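Please work through the following exercises with the sequence and the structure side by side, and try each task before reading its solution.

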Amino acid sequence: MPTITADFNHGHNHGPIFSRGENAVDRPVNDRRAPSINVRAYAPALYAHINAVNEVRRSPWACAEAQALSKLLWYIRRAGYVIDLSRITFGRPTGYDGAELWTPCDNCLEWLEQAGGWGPDVTYRIRPELQ
């Protein structure tokens with residue numbers, strides 16, 4: 001199952017803030033806080049859009065992308081930065097071995113779009129109309 005990274009480029013001299021997400025069935029017991037909680041608190045308009053999506057007969061919050069976003073929003077606020085969704089990018093989902101490449105599911109493609117790159121270097125961003 002895939003894992004995914006999300007980065008926030010805050011524009012300061014040190015590196016971006018990043019997080020990693022996993023699908024719900026793969027999350028360790030100590031990392032199972034519902035992603036919807038942080039997204040609802042820190043990006044309510046995006047929460048409403050994601051919460052309405054359910055195209056593959058599973059919760060959109062079960063995806064690795066949703067968990068990576070949730071953790072990243074919390075990290076951004078904890079670091080004292082203003083949340084700017086346009087500065088968040090997601091790496092291409094990969095399998096545990098780092099070699100198998102995934103494409104975001106139909107649920108995630110409702111709020112993500114490809115931002116650039118090719119092959120393993122593809123990146124995704126939150127759709128501009130949802131930022």
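A residue is called buried here if its relative accessible area is under 20%, and exposed if that area is over 50%. The model is a predicted one.

**Exercise 1.** Find which residues of helix 2 are buried, and decide how they are arranged around the helix.

*Solution.* Begin with helix 2, residues 44-52, in which the buried residues are Leu46, Tyr47 and Ile50. Looking down the axis of helix 2, one finds these buried residues within an arc of 105 degrees, so they line one face of the helix. This fits a general rule: an α-helix has 3.6 residues a turn, so residues three or four places apart point the same way. Next, turn to the face of helix 2 that points away from the buried side, where the exposed residues Pro44, Ala45 and Ala52 are found. Finally, ask what the buried residues of helix 2 pack against: their partners are helix 1 (35-42), helix 3 and strand 5.

**Exercise 2.** Determine how helix 1 and helix 3 are oriented to each other, and which residues make the contact.

*Solution.* The axes of helix 1 and helix 3 lie 8 Å apart, and the two helices pack at an angle of about 50 degrees. Angles under 35 degrees count as roughly parallel and those from 65 to 115 as roughly perpendicular, and helix 1 and helix 3 are therefore oblique to each other. The crossing of helix 1 past helix 3 is left-handed. On the side of helix 1, the contact is made by Pro35, Asn38, Val39 and Tyr42, while helix 3 contributes residues including Leu69, Leu73 and Trp74.

**Exercise 3.** Establish the strand order of the sheet, and then place helix 3 on the sheet.

*Solution.* The open sheet is formed by five strands in the order 2-1-3-5-4, with antiparallel pairing. Strand 2 (17-22) and strand 4 (112-116) are the edge strands, each of them pairing on one side only. From one strand to the next, the twist averages 35 degrees. Helix 3 (residues 64-78) packs on this sheet, where it touches strand 1 (3-8), strand 2, strand 3, strand 4 and strand 5, and its direction makes about 150 degrees with that of strand 2. As a detail of the pairing, strand 3 (residues 88-91) and strand 5 (residues 123-126) are joined over three bridges, and Gly91 stands opposite Thr123 in strand 5.

**Exercise 4.** Is Val25 buried or exposed?

*Solution.* Val25 is located in the loop between strand 2 and helix 1. Its relative accessibility is 68%, and because this is over 50%, Val25 counts as exposed. Although Val25 and Ala62 are 37 residues apart in sequence, their C-alpha atoms are 7.9 Å apart in space.

Conventions: Residues are numbered from 1 along each chain as its sequence is written. This is a predicted model: local features need pLDDT of at least 70, side-chain atom pairs count only at pLDDT 80 or more; totals for chains, interfaces and linings use all residues. Side-chain values use heavy atoms; hydrogens and water are left out. Two strands pair if DSSP finds at least two bridges between them. Helices (H or I, at least four residues) and strands (E, at least two) are DSSP runs, numbered from the N terminus. Axes are lines fitted to C-alpha atoms, for helices over the stretch in contact, and angles run from 0 to 180 degrees between N-to-C directions. Contact means heavy atoms within 4.5 Å. Buried means under 20% relative accessible area, exposed over 50%, partly exposed in between (1.4 Å probe, protein chains only). The arc is that of the directions from the helix axis to the C-beta atoms. Angles under 35 degrees count as roughly parallel, over 145 as roughly antiparallel, 65 to 115 as roughly perpendicular and the rest as oblique. A crossing is left-handed if the near helix is turned anticlockwise from the far one by less than a right angle, and right-handed if clockwise.
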